[in-house]
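Here's a quick briefing to read alongside the structure. Have the viewer open and click along as you go.

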Amino acid sequence: MAYQESGKHRASRIQLDYYKNSSPIDRIKHRLAWIFFLLPIAWMGWTFASGDRQTQTFSRGQVTGFHSAWNNNCSTCHSDFEPINNKTIVSGWFGHEAGKKLVSDSRCESCHTAPVHHTNQKLESTPSCGGCHQEHRGLDASLVRLPDSDCTSCHANLQEHTRDSKLIYAAKIASFATPEGGHPDARVFKEKAKDPGSIKFNHKLHLSKGLTIASGGKPWTFADIPEKDRDRFGYQKEMPLSSAVQLDCKSCHVFDPADNNPSQSAFANIPKGLIQPRSRGAHSQPIVFEIHCKSCHPLGFDDKNPNWEVPHRYQPDELKTYLEGVYTRQLVKNNKEFETPVQVRPVPLPGKNPLAQVNESLRKQVEEKVSLAMKNLFLGKKTCGECHYSKDDSATGSVGFSKIPEKIRVGYDPANPLTTWLQEGKAPKGAIWPSIPSVWMPSAKFDHAAHRFTDCASCHSQANTSSIKDDILLPNIENCRSCHAPLTFGTASGKMAKGARHECVECHGYHHGDRPYSDIGSNAWNPARTRSLENMHQTLP
Amino acid sequence: MLLRNTNFQNHLPWLAATIIVLILAVVWFVFASLGQSAWPSGSSAPGFTFGVVGGLICLFEFLIWPRKKLRSWRLGKLTLWMRAHIWLGVLAVPLLVLHTGFRWGGCLSTTLMVLFLVVVASGIWGLVLQQFLPSLLLRDVPSETIYSQIGVVSGLLVQEADALVKKACGFADTENSIPEDRVDDHGLVVGALRTSGAIQARVSISPSLQETLLNSKPLWDFHNDHLRKFLASGNTEPSELSDKNRSRAMFNSLRLKLEPKAHDLVTVLEDLCNQRRQLILQSKIHFWLHNWLWVHLPLSVALIVLMFVHIFVALKYW
C-alpha cells in the first residue's frame, strides 16, 4: 500500500505567520494598482496644467469645420457649469431658469445673431442655441439638419407654446410623412384660393403647338418672331420658317439669368434688379416682358409704323406723355414750316407768333394720333389689355379693356385673400411686389434646382390644361409625399418607393419665422459686435 | 465554482432583475430616440440616468476590493457581494453603452469606455476561469497548500528527503545531522521549527528507516542526480521526475536496485516527489486563477479615478 501523508502532516509544514507574507501574484497586483491609481492622476494633472491639452482630452469630439478655429478654446462657447443646452434635465440644477438667456447663447450670438422664430412664442419654450445646434459631432457634421423632435416639441401642441390665443399655423403637427402627422397642405390651397397675381396668362395656349388651341387656327410660326429672337424659342438652322413654334416650360421659367439668353436690345429697358447674378436656382427667375414676352407680343401702337413700340412698365398717363413726344417729334420733323433755319427768320412783332397756327394744327394732329395709339394699346385685344388689369377692375380672365384705364394694376390683387397671407407680416417693409408671385410658400422653402431630375409635369401637370390665370399650378402635399416619406416597399409595383428626406428642416427654416422672405444675408443676422481678424479667437462677451 | 447548478437558484433573482432592468432601459432609450436624428446622448434624460446608475454600479463593483480586505467588518456575506458584483457588472455594460449613445466621444470618454470594457472583459475571463480551475485544483492537487507557502514547503521537502536519504545511507551530516531527541521509534522529525511570537507549533514527522542500508549507492546517486534537484528547483529546470509516469518507472527501478527493507523509504521519497509535482501544478493553476486580477484590479482603479474626472468635466462643460 502506497504511503500518503495526511493533511495534518502537510499542514504542519505551514508557517504560523504565513498570512503576513503575500504571494508574488498579490504583490504584483498591488503594485499595478498603485501604478494605475497614480497614472491617471498624473495624466489629469499634466492635462489641467497645460491649457490647450484640456480641450483635446476633455472634448467629446471634434467640432464642425466651420468652428474648427475654436476647437481648442472651450470658453468661446461654453460657460463653466452652465449647460449649453437648456433642454437637458439638469439645467435647473445649475440655477438656470426656464426662458432665461444663457451665457453660452450670448457667446454664440457674438458671431451669429439669429432672429427669433416667432415673436409670440413663449420664452420657456424657446431652446438655447446649443439645444438645437449640437456640436462636437465631427468635422463634417451638420449643425442645421435637425431632428423633427426639435420642431415637434412645440408644433405637436402649438397652443401651449405660444402667447397668442389664435393660431395662424396648424395646431398639431407630428410629422410630414403621413397625413396622420397633421401637416397641412400649402396655405395657397386653403379655401380654393386663386392666384393673386395680376397678369392674365393662358398656360394651355402657350404650351400648345403653334400657340393655338382653336381648331383650324393659324399656327404661330418662327416667321412671326423677329429673327434675333428665334433661337431662344427653339429655332434651328435649316428649319423652315413656317414651322410651328412649340414652347415648353423652360421657354419662360429659367432658374439662372444666363439661361434667359435675350437679345442685346431686350436688356435696354429691364430694371437691373430683375437680374440676379449667381442664382442658386431655388426659384424661377422673374418673368420679364422684354425677355419672355416681347418677341411675340410687341407693344406696337401705330399701324403705319409697325416697328414703333412703347416701352413697358409705363402707366397710361405716362404712355400718353410718351406718345405725345413721339408724335410731336415726328410731325415737327416732317413739317416744312419748321425747316427754315432760326437765324434767317424775320423777327416777329411783339405779341405775334408766326407759328401759332402751325402749332395749333400740330397739336390737333398729335392729339388725334395719340388718341388713336392709346385706343390701339388699350382697347384692342392685343397689347396692354391682353395681359393687364385696370387697377379698379376685379380680376377676371377676360382679355382687353372696355375703356382706357387710369391705372394698370401692378403687384398682387388686393381683393384676393391670398395676398394677405403672402404679404402680411412677412413682407419686407415697403416692398414692391411683382405681378407674378415667385414664392408661393413663404413659410417653406422649395429648391427647383434640387428637383431638376424630374420633368416639370410631374408636379405641375395642370399647366397643360390651365387656361385662366386664377389657377394655382402648384402640386399638393400628397405629390410631395410620393417621394418625401419613409422608404417603403411598394406591394403593387414590387419596387422600393419613396425614401426622400422628409424632416421638418428639409422645407422649413427656424430663425426669422416672422419674415421668411428674408434670409441669412439680411442685417437682422448681423452680430451686435464684430471682431477684427486679430481678435478672432477672443471670447465675447 | 461561482455559477453552478446547485447554487443557480441564488443567482436567478439577480439574473431576472438584470434582464428586467435591461429591457426597461432599452425601451426607454429607444422611445427617447424616436424622431431624433441620432441616438440620445449622455446628457439626455435616459442617457444621464444610465450614466448615473452605471457610475454608481462601477463604484459598488470597486468596493468589493476593500470588502475583501476588511473581512472582519462583517459587511454582508461575501458570496452575496460576489453575486451582486457579477450581475451588476453585467448590467453596467449595456447601461453605460446606452449612456454613450453609441459614440466613443473624445479622448477621455474613449479612454474610460476602453478601460471599462477591458475591466469587464477581464472580469468575465476571471469568472470563466473560476468555473473550472478550482475543481481541477481539488481533483488533481490533493496536497494543496497555501499558495504563498509553496516555496517554504518545497524547501522542507528537500530537507526531509536529505535527512531520510542520509540516514539510510549512513552519512553523518554535521550540517543536517538529526538530533537524537528528534528521532523516535516511528519516524524522523524534520522541518523547521515553526514559531510565531511566543507560540511554537509541532513540526512534521516522517517515517524513516532506522537502519543503514548495505548497498545504499543507488539511493544516494538517485537522490543527488534526480530527486534533490527536482524537489529544490521544481519545474524551473527540466527533470524526468516532473512526469508522473516516468517518475513511477524511475522509483520502481530504484526499488529493484535496493534491498526490500528500503522499499518503504522509497515510497516516502516517491510521495515527496508526488507532492512536489502537485505543488508545481498548484502554482500553475493558482497563476491562471488569479493573473486576470493583474488587469482587472489596476484598470478598475484607473477607471474609478477617471470616472470622477469625467463627472467633473461633464458638469463643467455640459
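Is A:Glu238 buried or exposed? With a relative accessible area of 82%, A:Glu238 is exposed, because anything over 50% earns that label. Keep in mind that this is a predicted model. The notes below start with chain A, pick up a residue that touches both chains, and then move to the helix packing in chain B.

**Chain A at a glance**

- Chain A has 14 helices and 2 strands.
- It runs to 541 residues, and 33% of them count as buried.
- Take the contacts in chain A between residues at least 6 apart in sequence: 58% of these join residues at least 24 apart.

**Two loop residues with positive phi**

- As background, most residues other than glycine have a negative phi.
- A:Glu238 goes the other way, with a positive phi near 70°. You'll find A:Glu238 in the loop between helix 7 (203–207) and helix 8 (249–252) of chain A.
- A:Phe81 also has a positive phi, near 55°. This residue sits in the loop between helix 3 and helix 4 of chain A.
- A:Phe81 counts as partly exposed, at 36% relative accessibility.

**A:Val90, a buried loop residue**

- A:Val90 is in the loop between helix 3 (51–58) and helix 4 (103–109) of chain A.
- Its relative accessible area is 0%, so A:Val90 is buried.
- What does A:Val90 touch, not counting residues up to four places away in sequence? The list is A:Pro83, B:Phe48 and B:Trp318, so to speak a guest list from both chains.
- A:Val90 and A:Phe58 are 32 residues apart in sequence, and their C-alpha atoms are 20 Å apart in space.

**Leading into helix 2 of chain B**

- B:Ser44 belongs to the loop between helix 1 (8–33) and helix 2 of chain B.
- B:Ser44 is buried, with a relative accessible area of 18%; the cut-off for buried is under 20%.
- The side chain of B:Ser44 reaches the backbone nitrogen of B:Gly47 at 3.2 Å.

**Helix 2 against helix 4 in chain B**

- Helix 2 (residues 45–62) and helix 4 (residues 78–100) of chain B have axes 8 Å apart and pack at an angle of about 150°.
- Why call helix 2 and helix 4 of chain B roughly antiparallel? Their angle is about 150°, and angles over 145 degrees count as roughly antiparallel.
- The crossing of helix 2 past helix 4 in chain B is left-handed.
- On the helix 2 side, the residues in contact include B:Gly47, B:Phe48, B:Gly51 and B:Glu61. Helix 4 contributes, among them, B:Trp81, B:His85, B:Leu88 and B:His99.
- By class, this contact between helix 2 and helix 4 of chain B has 14 nonpolar, 7 polar and 1 charged residues.

**Helix 2 against helix 10 in chain B**

- The axes of helix 2 and helix 10 (residues 293–316) of chain B come within 10 Å and cross at roughly 145°.
- Helix 2 passes helix 10 of chain B in a left-handed crossing.
- From helix 2, the contact uses B:Gly55, B:Cys58, B:Leu59 and B:Phe62. From helix 10, it uses B:Ser300, B:Val301, B:Leu303, B:Ile304, B:Met307 and B:Phe308.
- The residues of the helix 2 and helix 10 contact in chain B divide into 8 nonpolar, 2 polar and no charged.

Notes
Residues numbered from 1 in each chain as written. Chains lettered and ligands numbered in written order. Predicted model: local features only at pLDDT ≥ 70, side-chain atom pairs only at ≥ 80, totals over all residues. Heavy atoms only, no water. Axes fitted to C-alpha atoms, helices over the stretch in contact; angles between N-to-C directions. Helix = DSSP H or I, 4+ residues; strand = E, 2+ residues; numbered from the N terminus. Left-handed = near helix turned anticlockwise from the far one by under 90°. Contact = heavy atoms within 4.5 Å. Nonpolar A, V, L, I, M, F, W, Y, C, P; charged D, E, K, R; others polar. Buried < 20%, exposed > 50% of the residue type's maximum accessible area, 1.4 Å probe, protein only. Polar contact = N/O pair within 3.5 Å; in protein donor to acceptor, adjacent residues only side chain to side chain.
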